[in-house]
Amino acid sequence: MKLRILGAAGEVTGSNYMIETKNYKVLVDCGTHQGRDEEKHAGEDFTYDPSDIDALLLTHAHIDHSGRIPLLVKEGFKGKVYCTNATSELVEILLRDSAHLMREDAEWRTRKNARRGLPPVEPIYGEKDVEDMLTHRQPLPYDEVVDILPGLSVRFREAGHILGSSIIEAWISEEEGQKPVKVVFSGDLGQLDGVIEKPPTVIDEADFVLIESTYGDRMHKSLADTRAEFQSAMEEAIRSGGKVLVPTFVVDRAQRMLYEFKLLQKKLPGLRTPPIYLDSPMGVKTTEIYSKHKHLLSRELKELLAAGEDPFEPDGFRFVRTAEESRAINDVNEAIVLAGSGMCSGGRIMHHLKHSLYRRDTQVFFVGYQAHGTLGRRLVDGAKTVRIMGEEVAVNAAFRTLNGFSAHADQDDLLKWAGHFPRKAQFVVVHGEPKSSEALAQCLAYEGYFARVPAFGDEIDLSSRAPEDARRPVISHHIRDRVDIYPQDVEDALNDIASCTEDMKEGVIGNAKRYKETMPLLISARVLLEAAAALSEGRLAYKERTPAK
């Protein structure tokens with residue numbers, strides 16, 4: 001019996017794991033890579049034959065966990081996709097949207113290729129593949145142990161991340177009468193003091209635990225501090241006029257922000273908020289599903305619903321369904337616009353950023369994680385110009401980052417959740433950038449657990465026991481020492497250089513002392529940049545240095 005790590009190792013996206021015994025192969029999640037991870041894995045095939053997979057367990061609907069399931073079906077998977085009822089409904093919306101965006105992207109790239117005499121581009125799957133995939137769904141209730149295959153039983157538990165999200169408990173065995181090995185897949189864990197969903201279920205028994213580590217190296221602000229910061233920043237933005245853009249994931253984050261605006265209006269009844277738009281047809285459908293599954297919401301929201309109030313409809317709120325309605329927002333001087341995607345990697349937020357980033361009265365509120373390689377991450381990191389929909393756009397807007405609204409647990413919450421397991425449990429730290437995963441693994445080791453940070457392709461023997469000395473985690477060196485360079489790395493470096501030079505102009509020019517001190521360094525920097533430019537244009541050859549013998 002073994003567990004194969006096939007995604008989200010040393011990265012946040014692309015979750016994909018395989019439980020493999022002599023009798024069956026079962027996947028847990030099959031997600032799309034996003035941001036810089038997408039560049040690294042572009043064009044990759046599955047490392048297994050989809051027709052050999054007997055079943056798939058889906059922790060939740062987010063595309064980085066579900067986005068490649070239609071491709072799996074397209075290439076021969078014939079088993080069931082097990083998930084919760086709410087996940088079954090949400091994944092339909094998200095995958096239909098994913099296929100639509102991929103088709104639009106492929107059409108755009110095909111037109112671009114045609115002008116250069118290159119072949120057309122095909123999306124990795126289409127709407128028909130999504131329709132085929134949807135027939136494989138098998139919804140399961142929370143908290144019931146279900147026999148999936150001979151030798152595999154599972155139970156879905158509340159994860160508190162988004163509606164329908166789950167921790168999966170799996171009991172695995174190869175022989176009849178054999179004591180099963182229990183493996184727990186955390187999926188994405190929500191905060192312990194979650195606002196929209198119930199908190200993650202406490203589990204106190206396991207042999208192996210795959211634990212996410214998105215925020216494994218940092219803490220969120222408290223809920224009270226986050227709301228105080230949001231109130232202060234939003235009040236200032238509203239009073240100053242202009243547009244407030246909120247790039248948001250349309251599942252959970254959009255609903256959370258609508259609720260926070262409702263609370264803000266109650267706390268500041270004298271504050272005149274401009275119209276609040278949720279510019280996303282998918283967001284409309286998602287909000288309807290949230291309202292439908294009231295029993296899965298937190299006590300706080302249930303009490304509001306019992307009092308006859310809709311937590312997702314602040315005053316002045318308007319759904320935006322059509323493209324025409326979306327474009328009409330350009331003519332509105334003051335508005336709060338929530339639109340996907342949350343990392344500014346596509347969707348209608350791109351349209352609003354293109355038409356508003358250059359304005360100094362625009363404010364952009366980032367309320368979620370921004371992966372490396374996404375437009376959102378570049379804006380957070382201070383890019384002065386960005387390319388949106390084929391056009392260079394100057395960045396003059398003001399930015400606010402509010403990580404306290406994250407749907408992910410922070411390091412403290414992760415450790416509290418993990419601390420309920422016995423010390424015999426072995427932790428496999430996944431779904432995080434290397435520094436986040438390694439930090440969480442170090443903390444788990446300090447608490448007396450054996451922890452490892454795997455690399456893509458690692459196999460874990462499920463019959464093995466934790467070593468006696470668990471004080472230091474096992475970290476796959478080819479994650480920690482990876483030095484791959486991707487196009488986005490170069491673009492990020494150039495943006496950093498441009499930002500640095502702009503900042504220096506104000507502090508150096510006109511100050512004779514600083515000018516004399518910095519000029520030698522600037523000359524050296526200019527020589528290096530000229531050499532880099534020559535190298536990029538093919539005017540300079542680069543040779544690897546070989547060690548002296």
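The crossing of helix 4 and helix 5 is right-handed, a label used when the near helix is turned clockwise from the far one by less than a right angle. Both belong to a predicted model, in which local features need pLDDT of at least 70 and side-chain atom pairs count only at pLDDT 80 or more, while totals for chains, interfaces and linings use all residues. Residues are numbered from 1 along each chain as its sequence is written, and side-chain values use heavy atoms, with hydrogens and water left out.

Helix 4 covers residues 85–115 and helix 5 residues 127–134; helices here are DSSP runs of H or I with at least four residues, strands are E runs of at least two, and both are numbered from the N terminus. The two axes come within 9 Å and cross at roughly 160° (axes are lines fitted to C-alpha atoms over the stretch in contact, with angles from 0 to 180 degrees between N-to-C directions). That makes helix 4 roughly antiparallel to helix 5, the term for angles over 145 degrees. On the helix 4 side, the contact (heavy atoms within 4.5 Å) uses Glu92, Leu95, Arg96, Ala99, His100 and Arg103, and these meet Glu127, Val130, Glu131, Met133 and Leu134 of helix 5. Sorted by class, this contact has five nonpolar, one polar and five charged residues (Ala, Val, Leu, Ile, Met, Phe, Trp, Tyr, Cys and Pro count as nonpolar, Asp, Glu, Lys and Arg as charged, and the others, Gly among them, as polar).

Next comes the pairing of helix 13 (411–418) with helix 14 (434–446), whose axes sit 11 Å apart at an angle of about 40°. That makes helix 13 oblique to helix 14, as the angle falls outside the bands under 35, 65 to 115 and over 145 degrees. The crossing is again right-handed. Gln411, Leu414, Leu415 and Ala418 of helix 13 touch Ala439, Leu440, Cys443 and Leu444 of helix 14, giving seven nonpolar, one polar and no charged residues.

As for internal space, there are three cavities of 30 Å³ or more. A cavity is a set of points on a 1 Å grid over the protein atoms alone where a 1.4 Å probe fits but cannot get out, and lining residues have an atom within 4 Å of a point. The largest cavity holds about 150 Å³, the volume being the space filled by probe spheres set on the points, which are joined across faces, edges and corners. It has 17 lining residues, with Gln191, Gly194, Val195, Arg256 and Ser406 closest to its centre.

Key: 1 Å grid on protein atoms, 1.4 Å probe; cavity = no way out; pocket = protein on both sides within 12 Å on 5 of 7 lines; lining within 4 Å.
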